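Got the viewer open? Let's take a walk through this one, stop by stop, with something to select at each.

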Amino acid sequence: MPPAKQASTEHAAPPTAAGARLQRMRRRVRLGHLCVWGAVAAGPIALAVAVATPSTVVRAASATKSTAVTPAVPASPAGYATVFLNAWLRSRSEAEDTAQARLAQSIAPGVELPDTSDAQPEPVSVVAVRTAQQADTTWSVTLAAQYADGQLRYYAVPVIADSDGASFTASAAPAVVAGPAPAKTSPSPYTVTVPADGAVSSAAGEFLAAYLTGSGEVDRYLAPGVRLSPVVPAPYMSLEARQVSAIEEAATEKVPADGTKVRVLAQMEARDGAGTWPLAYELTLRARSGRWEVTELHSGRIPAEGARR
């Protein structure tokens with residue numbers, strides 16, 4: 001009997017990969033049992049520590065993740081520079097107790113005030129037109145001061161921020177600088193002349209009349225799903241189309257296919273109690289059931305709310 005058993009063992013097939021994995025799993029199970037029984041033998045405290053350790057690590061990791069702080073983004077100093085320049089231009093060194101002089105000195109301590117007479121014209125408005133960050137806490141703000149006589153003067157104000165970007169100080173007196181040069185304009189893409197009595201011109205004119213004069217409901221000219229409220233109160237008494245141009249040739253078709261889209265530039269003439277006003281509106285219209293409906297109002301590059309392309 002023993003020789004036969006030994007022969008069968010010698011001729012047995014080598015273990016497969018699945019068998020090797022099974023043996024490793026059995027060893028892990030036996031090792032786990034030994035660890036648990038060892039903890040039991042060591043006492044209930046050791047067993048509690050062995051069982052609680054994994055969950056403790058998870059909770060610590062979760063607590064670390066939840067306490068992560070997102071760094072604050074520094075605010076722009078344009079508003080501070082605007083308030084400072086507006087107050088500085090209205091101040092005089094011989095009248096440091098005025099409200100404007102105190103305001104200017106509170107934003108820019110130590111900055112000298114202008115020495116001017118009472119006849120010095122004050123700006124009608126001061127507007128920031130450019131903000132440049134020169135370093136982590138150093139900015140340069142360019143502002144335009146407009147006067148009642150039409151004069152426009154540009155100033156550059158250096159500003160220093162604190163480390164958090166929460167407060168600013170004008171670090172020196174303003175500097176008069178040259179204004180920006182006019183940008184070159186590109187040719188208009190609206191090269192297709194739309195007939196004044198065409199369906200596109202009528203749809204655009206009627207929609208804008210309802211939008212600006214209150215004559216009719218705006219919703220009846222809008223595509224389904226598009227929402228756009230009229231201007232209230234209506235600023236004009238009447239509106240007339242001067243010229244309508246389009247990008248696509250389809251704007252000249254009488255009966256377009258459903259789903260056809262055109263982009264148009266409607267140049268209008270509005271009238272109120274003071275006179276006439278030339279206005280221009282960019283619109284996108286889409287054909288549906290034999291009529292044109294407005295899907296977007298682009299004038300000022302602001303699309304109509306809920307517009308669908």
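Start by selecting Glu122, which is partly exposed at a relative accessible area of 41%. Keep in mind as you click around that this is a predicted model. Now add Arg90 to the selection: the two form a salt bridge, with the closest N and O atoms 3.0 Å apart. Glu122 sits in the loop between α5 (99–107) and β1 (125–133), and Arg90 in the loop between α4 (78–89) and α5, so the pair ties together parts that are 32 residues apart in sequence. Arg90 also counts as partly exposed, at 24% relative accessibility.

**Next: zoom out for a moment**

Show the whole chain as a cartoon. You should be able to pick out six helices and 10 strands. Of the 309 residues, 31% count as buried. Switch on a surface if you like: the chain exposes about 20,000 Å², and carbon and sulfur atoms supply 57% of that. As for how the chain folds back on itself, take the contacts with a separation of 6 or more: residues 24 or more positions apart account for 47% of them.

**Select α4**

Go back to Arg90 and step into the helix that comes before its loop, α4 (78–89). This helix has 12 residues and reaches 16 Å from its first C-alpha to its last, close to the 16 Å expected at 1.5 Å a residue. Which residues of α4 are buried? Colour Ala78, Ala81, Thr82, Phe84, Leu85, Ala87, Trp88 and Leu89, and you have them. Now show what surrounds them: the buried residues of α4 pack against α5, β1, β2 (138–146), β3 (152–161) and β4 (168–170).

**Select the five-strand sheet**

Next, highlight β6 through β10. These five strands form an open sheet in the order β6-β7-β8-β9-β10, and the pairing is antiparallel. The edges are β6 (192–193) and β10 (291–297); each has a single partner strand, so one side of each is left without a neighbour in the sheet.

Narrow the selection to β8 (residues 261–272) and β9 (residues 275–288). The two run antiparallel and are joined by 12 bridges. For a landmark in this pair, label Val264, which stands opposite Leu283 in β9.

**Salt bridges around the sheet**

How many salt bridges are there in all? The count comes to six, and you have already seen the one between Glu122 and Arg90.

For another, select Arg263 and Glu248, whose side chains meet at 2.8 Å, N to O. The pair links distant parts of the chain, with Arg263 in strand β8 and Glu248 in the loop between β7 (238–246) and β8, 15 residues apart. Buried or exposed? Arg263 counts as partly exposed at 41% relative accessibility, whereas Glu248 counts as buried at 19%.

Move to Glu293 and Arg291 for a salt bridge with its closest N and O atoms 2.8 Å apart. Glu293 is buried, with a relative accessible area of 1%, while Arg291 is partly exposed at 34%. Then pick Glu240, Glu269 and Arg271 together: these three are linked in a network of salt bridges.

**Select Tyr236**

Arg271 leads straight to the next stop, since Tyr236 is in contact with it. Tyr236 is found in the loop between α6 and β7, and counts as buried at 16% relative accessibility. Setting aside neighbours within four places in sequence, the contacts of Tyr236 are Leu212, Thr213, Ala270, Arg271, Asp272, Trp277 and Leu279. Try a distance label from Tyr236 to Ala209: their C-alpha atoms are separated by 9.0 Å, though the residues lie 27 apart along the chain.

**Last stop: Thr213**

From Tyr236, hop to its contact Thr213, which lies in helix α6 (residues 199–213). Thr213 is buried, with a relative accessible area of 16%. What does its side chain reach? One answer is the backbone oxygen of Ala209, at 2.4 Å. Another is Ser215: a polar contact of 2.9 Å joins the side chains of Thr213 and Ser215.

To finish, expand the selection around Thr213. Leaving aside neighbours within four places in sequence, its contacts are Leu208, Ala234, Tyr236, Met237, Ser238 and Leu239.

Notes: Residues numbered from 1 in each chain as written. Predicted model: local features only at pLDDT ≥ 70, side-chain atom pairs only at ≥ 80, totals over all residues. Heavy atoms only, no water. Helix = DSSP H or I, 4+ residues; strand = E, 2+ residues; numbered from the N terminus. Buried < 20%, exposed > 50% of the residue type's maximum accessible area, 1.4 Å probe, protein only. Polar contact = N/O pair within 3.5 Å; in protein donor to acceptor, adjacent residues only side chain to side chain. Contact = heavy atoms within 4.5 Å. Salt bridge = Lys/Arg side-chain N within 4 Å of Asp/Glu carboxyl O. Expected span 1.5 Å × (residues − 1). Areas by Shrake-Rupley, 256 points an atom, 1.4 Å probe, with all protein chains shown as cover. Pairing = 2+ DSSP bridges.
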